[in-house]
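Please walk me through this model in connected prose, beginning with how its helices pack and then turning to its backbone.

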Amino acid sequence: MKRRIIVSLVFIFAILLCAGLVGFNIFRDKMITQFFATMQQPPQAVTAAKVEAKTWTPSISAIGTARAANGVELAFETPGIVKEIKFKANQNIREGDVLVQLDDTVERADIQDVQAAVKTAESAFERAKTLSARGYGTEANLDQASALLATARSRLARLQATIEQKALKAPFSGVIGIPRIDVGQYLQPGSVIASFQDLDSMKVDFTVPEQTANDVKLGQEVHIGVNEANLPFKGHVIGKDPRVDPKTRLVSVQALIEDNKARAVLPGQFLHVEVILPEEPNVITVPQTAVITSLYGDYVYTIDQEERAGNQVQVAHQVFVKTGRRRGGVLEVLSGIKPGQQVVTSGQNKLQAGATVKINNSIDVTKLDATRLANGQ
């Protein structure tokens with residue numbers, strides 16, 4: 001009897017123990033679930049900026065090629081043998097300086113004979129003129145003497161021009177390039193001697209789409225540079241073609257760089273060009289880093305002050321926006337947000353809608369982004 005009672009008590013105790021363990025596990029899981037469900041996530045550190053309505057300076061971006069306002073490939077008009085090269089590569093040359101001298105020995109020898117013929121013709125003309133005035137000579141003799149004098153003078157002028165052509169002179173002041181000839185070399189007419197460029201005054205040729213061609217006016221300000229994020233050179237539009245190229249649907253435009261005394265821009269160089277258009281007031285803008293592009297559209301995270309558990313916290317909300325033009329790391333927003341709102345500019349990868357945030361603007365990501373663009377990163 002006692003044995004049955006002991007077995008029953010042990011069995012009951014085992015049942016109660018199992019029930020207690022099961023109940024404890026259920027209670028534990030419930031409390032863990034409740035803890036994580038009610039646990040507040042720590043605020044995520046982000047940078048933020050205010051949405052502003054500012055004056056927008058629109059522009060037309062283009063790609064251009066530099067060329068000297070005065071630039072030529074020097075060549076001779078007449079054949080001959082190179083007698084002397086009077087320049088060195090990259091030398092500054094003044095207008096009128098002799099650069100290359102061809103052998104003109106034969107021409108200078110011939111000129112003495114022609115000059116003597118001119119003097120003879122002048123004397124004959126004076127005698128015929130005197131005789132005709134006194135009535136001893138005929139008009140035919142005077143005309144013949146006049147024609148011979150004109151022929152002699154023409155031969156002299158032609159020979160002097162040939163001698164002048166044997167000396168190649170600088171047509172303007174500038175910098176000359178590498179000589180492409182040697183002393184003693186025989187040159188044919190049109191043989192290139194060297195490249196000659198005026199680097200102090202530089203032009204830029206570029207094209208704009210036909211849709212924006214009417215916005216480009218003569219005298220309009222232009223910003224130019226080697227890097228798209230850094231356009232240090234200023235200029236103005238000096239010309240625009242009056243037609244659209246039917247093959248490319250582009251309009252050719254030319255601008256003049258106002259100051260290239262440092263010779264930082266060289267002919268043939270690839271350049272970024274911005275044609276500055278009239279200013280537009282009250283354009284809503286945000287830093288370009290604030291906008292996130294997704295399959296569903298562009299959106300930003302706005303920051304609003306809310307009360308949670310009796311505390312004032314900053315909460316991020318996802319807001320879809322419609323964007324417009326971009327310039328200098330700033331993006332135009334057409335709709336979705338209003339001036340005065342705060343938007344997250346970095347740290348969005350850690351956020352989701354409704355997350356609490358903490359603003360830390362100790363690092364200006366907009367300037368960091370502009371620096372990376374300037375460095376080509």
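Is the crossing of α2 and α3 left-handed or right-handed? In this predicted model, the crossing of these two helices, α2 and α3, is left-handed.

Two packed helices are described by the angle between their axes and by the distance between those axes. Here the partners are helix α2, which covers residues 105-134, and helix α3, which covers residues 139-165, and their axes come within 8 Å and cross at roughly 160°. Because an angle over 145 degrees counts as roughly antiparallel, α2 and α3 are roughly antiparallel to each other. As for the residues that make up the contact of α2 with α3, they divide into 16 nonpolar, six polar and nine charged.

The backbone offers a second subject. Most residues other than glycine have a negative phi, and against that background two residues of this model deserve a look. One of them is R263, whose phi is near 60°, a positive value in a residue other than glycine. R263 is found in the loop between β15 (250-257) and β16 (270-276), and with a relative accessible area of 31% it is partly exposed, because that class lies between the cut-offs of 20% and 50%.

The other is N282, where phi is near 55°, again a positive value in a residue other than glycine. N282 is found in strand β17, which runs over residues 280-287, whereas R263 is found in a loop. The relative accessible area of N282 is 66%, and since exposed means over 50%, N282 is classed as exposed.

Definitions and conventions: Residues numbered from 1 in each chain as written. Predicted model: local features only at pLDDT ≥ 70, side-chain atom pairs only at ≥ 80, totals over all residues. Heavy atoms only, no water. Helix = DSSP H or I, 4+ residues; strand = E, 2+ residues; numbered from the N terminus. Buried < 20%, exposed > 50% of the residue type's maximum accessible area, 1.4 Å probe, protein only. Axes fitted to C-alpha atoms, helices over the stretch in contact; angles between N-to-C directions. Parallel < 35°, antiparallel > 145°, perpendicular 65-115°, else oblique. Left-handed = near helix turned anticlockwise from the far one by under 90°. Nonpolar A, V, L, I, M, F, W, Y, C, P; charged D, E, K, R; others polar.
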